[in-house]
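Grab a pencil and work through these exercises with the model open beside you. Try each task before you read its solution.

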Amino acid sequence: MHLLAQGYEQLLKVTHAVNRLITEGTFPTSHQLRREFGHVLTRLLDEIVAACRDDSAFMSRPAIQHDMDFLSADGHWREILDILSDLGSGGRYHDLDTMLDGKSAWDSPLDRWKSLEMAYWHDSHEWQALLKSDQAGFSRQWYPALVAKQTETLQRAARAIARMWTLGPAQQHTQRLTGIIGRFLFILDDDLSTPAP
């Protein structure tokens with residue numbers, strides 16, 4: 001979870017910084033980014049998506065419209081990003097705070113992640129029916145399917161953000177950096193549920 005939080009935070013902050021370079025002619029300072037967003041990744045993402053939606057040429061592509069809708073409205077993706085935000089903001093100290101003080105101001109990131117996993121199960125009548133009819137079959141199939149769904153969600157988000165670099169408002173500054181994001185940029189829909197090469 002720490003690696004996911006750091007990776008998405010850096011990807012989003014770099015994307016925001018380059019967009020700001022286009023609109024204001026200069027990068028924000030690290031102090032400005034900390035003051036404006038801290039570790040609140042959903043707020044950062046929403047600002048980036050709003051800037052992209054203002055670019056009519058970028059938004060004229062149906063795949064990009066789908067990307068922006070996914071980033072803005074997919075409940076599982078938004079919950080993942082919210083969990084990662086809380087982890088960066090202070091949730092990473094939940095267990096230590098609980099051990100030392102008996103309580104923590106933050107919810108357990110692992111408990112929140114487990115709740116998200118259960119939300120996938122609650123959203124599927126097929127999985128619920130399989131659990132009732134064949135517990136052994138459910139046990140064999142559930143976790144691989146859950147991992148595939150989570151991988152798909154994370155990769156779909158990374159691909160949507162990577163497309164901003166090559167097709168979005170800041171493309172004149174970021175197209176030359178596509179080698180950095182290429183492993184996400186070129187993921188096909190059929191490959192979304194498998195690990196990136």
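## Exercise 1: a charged pair in one helix

Lys 13 has a relative accessibility of 14%, which counts as buried. Keep in mind that you're looking at a predicted model.

**Task.** Find out which residue forms a salt bridge with Lys 13, and how far apart the two sit along their helix.

**Solution.**

- Step 1. Look for the partner: Lys 13 forms a salt bridge with Glu 9, and the closest N and O atoms are 2.7 Å apart.
- Step 2. Check this against the cut-off, which asks for a Lys or Arg side-chain nitrogen within 4 Å of a carboxyl oxygen of Asp or Glu. The 2.7 Å between Lys 13 and Glu 9 fits that rule.
- Step 3. Place the pair: both belong to helix α1 (residues 2–24), and because they are four residues apart, about one helical turn separates them.
- Step 4. Recall the geometry: an α-helix has 3.6 residues a turn, so residues three or four places apart point the same way.
- Step 5. Now the partner's surroundings: Glu 9 is at 13% relative accessibility, so it counts as buried.

## Exercise 2: a bridge between two helices

**Task.** Work out which helices are tied together by the salt bridge of Glu 79 and Arg 112.

**Solution.**

- Step 1. Start with the distance: the side chains of Glu 79 and Arg 112 meet in a salt bridge of 3.0 Å, N to O.
- Step 2. Locate both ends: Glu 79 is in helix α6 and Arg 112 in helix α8, so this pair ties together parts that are 33 residues apart in sequence.
- Step 3. Judge the exposure: Glu 79 is partly exposed, at 27% relative accessible area, whereas Arg 112 is buried, at 14%.

## Exercise 3: another pair, then a network

**Task.** Decide whether Arg 156 is buried or exposed, and then say which residues are joined into one salt-bridge network.

**Solution.**

- Step 1. Arg 156 and Glu 152 bring their side chains together in a salt bridge (3.1 Å, N to O).
- Step 2. These two residues are in helix α10, and because they are four residues apart, about one helical turn lies between Arg 156 and Glu 152.
- Step 3. Arg 156 has a relative accessible area of 13%, so it's buried. Glu 152, at 24%, counts as partly exposed.
- Step 4. Turn to the network: Glu 79, Asp 82, Asp 86 and Arg 112 are joined into one by salt bridges that share partners.
- Step 5. For the overall tally, the count of salt bridges comes to eleven.

## Exercise 4: the two sides of a helix

**Task.** Check the span of helix α5, then work out where its buried residues lie around the axis.

**Solution.**

- Step 1. Helix α5 (residues 62–73) has twelve residues, which at 1.5 Å a residue should span 16 Å. The end C-alpha atoms of α5 are 16 Å apart, which agrees.
- Step 2. List the buried residues of α5: Ile 64, Asp 67, Met 68, Phe 70 and Leu 71.
- Step 3. These residues cover an arc of only 160° around the axis, so they are on the same side of α5.
- Step 4. Flip to the other side of α5, where Pro 62 and Ala 73 are exposed.
- Step 5. Ask what covers the buried residues of α5: the cover includes α3 (41–53), α4 (56–59), α6 (75–89) and α10 (135–167).

## Exercise 5: a loop residue and a surface patch

**Task.** Which residues does Ser 104 touch, not counting residues up to four places away in sequence? And which residues form a nonpolar patch on the surface?

**Solution.**

- Step 1. Ser 104 is in the loop between α7 and α8 (109–122), and its relative accessible area of 22% makes it partly exposed.
- Step 2. Leaving out residues up to four places away in sequence, Ser 104 touches His 94, Asp 97 and Thr 98.
- Step 3. Its C-alpha atom is 8.0 Å from that of Tyr 93, and the two residues are eleven residues apart along the chain.
- Step 4. Tyr 93 also belongs to the patch: together with Leu 96, Met 99 and Leu 100, it forms a nonpolar surface patch of about 450 Å² accessible area.
- Step 5. Within that patch, Leu 96 lies in helix α7 (residues 94–101) and is partly exposed at 43%.

## Exercise 6: the whole chain

**Task.** How many helices and strands does the chain have, and what share of its residues is buried?

**Solution.**

- Step 1. Count the elements: there are twelve helices and zero strands.
- Step 2. Of the 197 residues, 43% count as buried.
- Step 3. For the dimensions, the C-alpha trace spans about 60 × 45 × 25 Å along its principal axes.

Terms used:
Residues numbered from 1 in each chain as written. Predicted model: local features only at pLDDT ≥ 70, side-chain atom pairs only at ≥ 80, totals over all residues. Heavy atoms only, no water. Patch = residues over 30% accessible without salt bridge, like charges linked within 9 Å, V, L, I, M, F, W, Y side chains within 5 Å. Areas by Shrake-Rupley, 256 points an atom, 1.4 Å probe, with all protein chains shown as cover. Buried < 20%, exposed > 50% of the residue type's maximum accessible area, 1.4 Å probe, protein only. Expected span 1.5 Å × (residues − 1). Arc of directions from axis to C-beta. Contact = heavy atoms within 4.5 Å.
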